[in-house]
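Visitor: I am new to reading protein models. Could you take me through this one and explain the labels you use?

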Amino acid sequence: MGMNEQLRIAVVGRGFVGRVHVEALRRLEGIDVRGAATADYRTLLSDPGLDAVDICTPNALHYPMAKDALEAGKHVICEKPLATSSEHARKLVKLAADKKLRNCTCHNLRYYPLVQHMRRMCQDGEFGEILVIQGTYSQDWLLYDTDWNWRIESKDNGPSRAMADIGSHWCDMAEHVTGLRITALCADLQTFHKTRKRPRGPIETFSGKTLKPEDYQEVPIDTEDFGAVLFRMGERTRGAFTASQVSAGRKNRLSIEIYGTKQSAAWDGENPNELWLGSRNEPNRLIIKDPSLLKPAARGYADLPGGHAEGYGDTFKQVLQRFCDSIRNPAAPVEYPQFTDGLRQLELIEAELVSTKKQGWVDVT
């Protein structure tokens with residue numbers, strides 16, 4: 001397939017993130033977005049003209065849909081988590097390799113320009129030896145027992161909620177930026193609302209604040225609202241992070257801090273166009289996103305000039321652009337998270353669940 005040929009991609013899932021994917025794809029050149037909504041996704045897979053499938057459904061559907069799409073010979077991009085178990089994720093990794101098909105797990109938050117700049121700073125040794133990594137991913141949209149979303153129930157979401165939904169983004173960023181791997185962890189997960197009031201009708205993600213008492217049904221909850229994790233990255237590097245969906249006032253704050261022997265960096269997803277750099281013996285600095293001033297390898301992740309903010313929607317555009325380019329050009333380098341990265345995060349999630357249950361440290365494969 002040539003670089004100028006049109007790609008036909010079907011987006012499956014009509015919720016919040018499905019619409020974000022559709023919007024991002026429509027911003028790219030040479031993309032024909034098909035079947036954003038259909039009663040049976042299998043009818044899309046039977047279309048010989050379809051090149052790829054973009055899966056944006058509830059988590060429990062990721063594995064069967066990705067499996068069916070790969071078996072139909074389609075390239076696949078799937079929202080995270082890739083599956084609800086590492087067993088299923090491992091099968092998808094193998095199937096994609098056997099079929100020689102492009103595959104992507106949508107850990108899009110890697111693709112903020114200043115996150116990529118941080119990564120290149122690490123690669124160039126500008127932080128020295130990394131000693132400490134810490135941070136949080138905090139939200140407040142499930143603070144009240146009347147807040148509801150399909151993610152709350154494990155039958156649709158899988159056994160973990162806060163750690164799978166947002167903690168996985170934090171861990172993926174920490175490993176991607178530093179190039180280090182979490183080797184052991186100790187987790188404490190907490191479900192503050194043992195029961196919640198489920199609306200009797202459908203509720204959109206990040207909505208549902210205007211319902212009345214008679215609109216609810218009380219149900220038991222089996223997924224966590226919060227998690228705290230201590231972790232080791234090899235012999236020396238240590239870290240800690242929290243993932244919370246009950247932190248009042250925090251709308252969508254992924255904060256990561258990297259402390260090295262030479263200098264440090266801190267980035268906050270609610271202010272994504274700023275990067276704090278700290279030193280022991282020099283004044284600290286605040287960098288504002290400007291592609292002309294970024295590390296050369298990070299410049300391609302910023303499409304707008306200095307002074308023009310890039311945000312959440314742009315991260316999807318960046319990962320989808322690279323995924324589509326790799327379909328058009330099989331020799332192109334893979335510059336996006338693959339199914340192996342989705343498997344990696346599921347292994348961490350399962351280690352966190354085991355650690356919480358045993359109340360102790362767990363080694364990570």
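Guide: In this predicted model, the side chains of Asp-51 and Arg-8 meet, N to O, at 3.2 Å.

Visitor: What makes the meeting of Asp-51 and Arg-8 a salt bridge?

Guide: The cut-off for a side-chain nitrogen of Arg and a carboxyl oxygen of Asp is within 4 Å. Asp-51 and Arg-8 come to 3.2 Å. So the pair counts as a salt bridge. The pair also links distant parts of the chain. Asp-51 is in the loop between α2 and β3, Arg-8 is in strand β1, and 43 residues separate them in sequence.

Visitor: Why is Asp-51 called buried?

Guide: Its relative accessible area is 12%. Buried means under 20%, so Asp-51 qualifies.

Visitor: And what makes Arg-8 partly exposed?

Guide: Arg-8 has 25% relative accessibility. Partly exposed is the class between under 20% and over 50%, so Arg-8 belongs there.

Visitor: How many salt bridges are there by this rule?

Guide: The count comes to 33. One of them joins Asp-314 and Arg-27, with the closest N and O atoms 2.9 Å apart. Asp-314 lies in helix α8, and Arg-27 lies in the loop between α1 and β2. The two are 287 residues apart in sequence, so the bridge ties together those parts.

Visitor: Why do Asp-314 and Arg-27 get the labels buried and partly exposed?

Guide: Asp-314 has 13% relative accessibility, and the buried cut-off is under 20%, so Asp-314 is buried. Arg-27 has 42%, which falls between the buried and exposed limits, so Arg-27 is partly exposed.

Visitor: How do you know that Asp-40 and Arg-42 form a salt bridge?

Guide: Their closest N and O atoms are 3.3 Å apart. The limit is within 4 Å, so the pair passes. Asp-40 is partly exposed at 31%, and Arg-42 is partly exposed at 47%. Elsewhere, salt bridges that share partners join Arg-27, Asp-303, Asp-314 and Lys-317 into one network.

Visitor: Why does Glu-79 have no salt bridge?

Guide: The nearest side chain of opposite charge is Lys-80, 4.7 Å away. A salt bridge needs a distance within 4 Å, so Glu-79 has none, although it is buried. Glu-79 sits in strand β4.

Visitor: What makes the link between Glu-79 and His-21 a polar contact?

Guide: The two side chains come to 2.8 Å. The polar-contact limit is within 3.5 Å, so this distance passes. Leaving aside neighbours within four places in sequence, Glu-79 is in contact with residues including Val-17, Ile-55, Cys-106 and Phe-316.

Visitor: Which residues of α1 are buried?

Guide: Val-17, Gly-18, Val-20, His-21, Val-22, Ala-24 and Leu-25 are buried in α1. They pack against β1, β2, β3, β4, β5 and α8.

Visitor: What makes the bond between Lys-80 and Pro-81 stand out?

Guide: Lys-80 and Pro-81 are joined by a cis peptide bond, with omega about -5°. Most peptide bonds are trans. Pro-81 is in the loop between β4 and α4.

Visitor: What is notable about the phi of Lys-100?

Guide: Phi of Lys-100 is near 55°, a positive value in a residue other than glycine. Most residues other than glycine have a negative phi. Lys-100 is in the loop between α4 and β5. Gln-359 also has a positive phi, near 55°, and is in the loop between α9 and β16.

Visitor: Why are Lys-100 and Gln-359 called exposed?

Guide: Lys-100 has 72% relative accessibility, and exposed means over 50%, so the label fits. Gln-359 has 72% too, so it is exposed by that cut-off.

Visitor: How do you know that Pro-296 is exposed?

Guide: Pro-296 has a relative accessible area of 61%; the cut-off is over 50%, so Pro-296 is exposed. It lies in the loop between β15 and α8.

Visitor: How many cavities of 30 Å³ or more are there?

Guide: The count comes to one. The largest cavity holds about 70 Å³ of space. It is lined by 13 residues, and among those closest to its centre are Thr-84, Pro-159 and Leu-346. Helix α9 gives the most to the lining, with four residues.

How values were computed: Residues numbered from 1 in each chain as written. Predicted model: local features only at pLDDT ≥ 70, side-chain atom pairs only at ≥ 80, totals over all residues. Heavy atoms only, no water. Buried < 20%, exposed > 50% of the residue type's maximum accessible area, 1.4 Å probe, protein only. Lys, Arg positive; Asp, Glu negative; His and termini not counted. Polar contact = N/O pair within 3.5 Å; in protein donor to acceptor, adjacent residues only side chain to side chain. Contact = heavy atoms within 4.5 Å. 1 Å grid on protein atoms, 1.4 Å probe; cavity = no way out; pocket = protein on both sides within 12 Å on 5 of 7 lines; lining within 4 Å. Points joined across faces, edges and corners; volume = space filled by probe spheres on them.
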